[in-house]
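Let's take a walk through this fold, starting from the inside and working outwards. Have the structure open as you read.

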Amino acid sequence: MKYCFVVSVFREMVIGMAAAAAVLLLTGCAVVGLFGAESVAMLSSWKELGCGAGVYIVALSSVILVCRLRGRRAALCAAISLALIFAVCAVFVCGKGLLPKHLGDPSAAPANGLDIVAAARSQIGVTVKYDPAYVKIGYPGGDVPRDRGVCSDVVVRALRDARGIDLQKLVHEDMEAHYLMYPSLTRWRMFKPDANIDHRRVLNLERFFERQGWSLEVTRDKSHYHPGDIVTCLIGGDLPHIMIIADRKSQHGVPLVIHNVGDGTQEEDRLFSYVVTGHHRIP
């Protein structure tokens, strides 16, 4: 009797897993159709995507298994489970930035960004250390000591010095109002904004620029990158980085960038050394 029960349960589980896999395939096709293959490919890692798919299959299998049982309680459990799955998927889509983006034309006449370049260049020789340590800072206008910082601090300081744009305050306020649109929950498992660190994370800055309408289409045409533009990229395929386009060019005509990639703020020919993921221009 017990053997028959185990076999029956196992059969139901296999049917549920097969049905869930089919639903996952259809869901994947729908996501690619809605958001494009490139957006899906920009997930931080395929391992992460595989883990998410596994969780999705297990959860959906459980729902299908429950649905095969009888009774109102089973139907209610199935409805609640489906609602939870949809909620998790919604957070995942928002946090990963899979929503369609409206990107500007990078060949359009740029605004004068030489003030941003000058503010970034003034950090060379001042910021001499790369230090990613979490530090409690003031708000608004907070900053770590200027002799150190990370790549995002170059951008934060340049916009603050050149134009009085306080990314710490702006990003924090936008995250408080639209937290699920940022990757903090899905990337760092943070459940609320943190004004000490949020604006110092490249992915948050990239999302903020997108939401402000400052993002342009990414190309490998060197003529599309102008002084003061901000470029986000991936180092080694998975490490987010951010740089400011300078007004000087290499011998091959490629704009130099001002950034902190490990040795303090430097001006280097590194624009296309990494995988460019975002091109942003402050109006």
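## The main core

In this predicted model, the largest nonpolar core counts 31 residues, and Leu-167 and Phe-209 have the most contacts inside it. Two or more residues apiece come from H5, helix H6 (151–163), helix H7 (167–177), H9, E5 and E6. H6 puts in the largest share, with six residues. As a rule, nonpolar side chains in soluble globular proteins tend to be buried together.

What does Phe-209 touch, leaving aside its neighbours within four places in sequence? Its contacts are Val-155, Leu-167, Trp-214, Ser-215, Ile-230, Ile-242, His-280 and Ile-282. Apart from this big core there's another one, of ten residues, including Val-231, Met-243, Ile-245 and Leu-271.

## Helix H9, mostly wrapped up

How many of the eleven residues of H9 are buried? Eight are, so the helix is largely enclosed by the rest of the structure. They are Val-202, Leu-203, Asn-204, Leu-205, Glu-206, Arg-207, Phe-208 and Phe-209, so residues falling under the 20% relative accessible area cut-off here include Asn-204, Glu-206 and Arg-207.

H9 covers residues 202–212 and lies across E3, strand E4 (230–235), E5 and strand E8 (275–280), running at about 65 degrees to E5. Just after the helix, Gly-213 takes a positive phi of about 80 degrees.

## The sheet

Now for the strands. Six of them make an open sheet in the order E3-E8-E4-E5-E6-E7, with antiparallel pairing. At the edges stand strand E3 (215–216) and strand E7 (265–268); each has a single partner strand, so one side of each is left without a neighbour in the sheet.

Further in, strand E5 (residues 239–249) and strand E6 (residues 255–260) run antiparallel and are joined by three bridges. Lys-249 has Pro-255 in E6 as its bridge partner.

H9 isn't alone in lying across these strands. Helix H5 (residues 114–121) lies across E5, E6 and E7, running at about 110 degrees to E5.

## One cavity

Which residues line the largest cavity? They are Ala-111, Gly-113, Ile-116, Pro-227, Gly-228, Asp-229, Arg-281 and Ile-282. The space in the largest cavity comes to about 40 Å³, and the structure holds one cavity of 30 Å³ or more.

A couple of links back to earlier stops: Ile-282 is in the cavity lining and is also a contact of Phe-209. Ile-116, another lining residue, falls within H5 (residues 114–121).

Terms used
Residues numbered from 1 in each chain as written. Predicted model: local features only at pLDDT ≥ 70, side-chain atom pairs only at ≥ 80, totals over all residues. Heavy atoms only, no water. Pairing = 2+ DSSP bridges. Helix = DSSP H or I, 4+ residues; strand = E, 2+ residues; numbered from the N terminus. Contact = heavy atoms within 4.5 Å. Axes fitted to C-alpha atoms, helices over the stretch in contact; angles between N-to-C directions. Core = buried A, V, L, I, M, F, W, Y, C linked by side-chain atoms within 4.5 Å. Buried < 20%, exposed > 50% of the residue type's maximum accessible area, 1.4 Å probe, protein only. 1 Å grid on protein atoms, 1.4 Å probe; cavity = no way out; pocket = protein on both sides within 12 Å on 5 of 7 lines; lining within 4 Å. Points joined across faces, edges and corners; volume = space filled by probe spheres on them.
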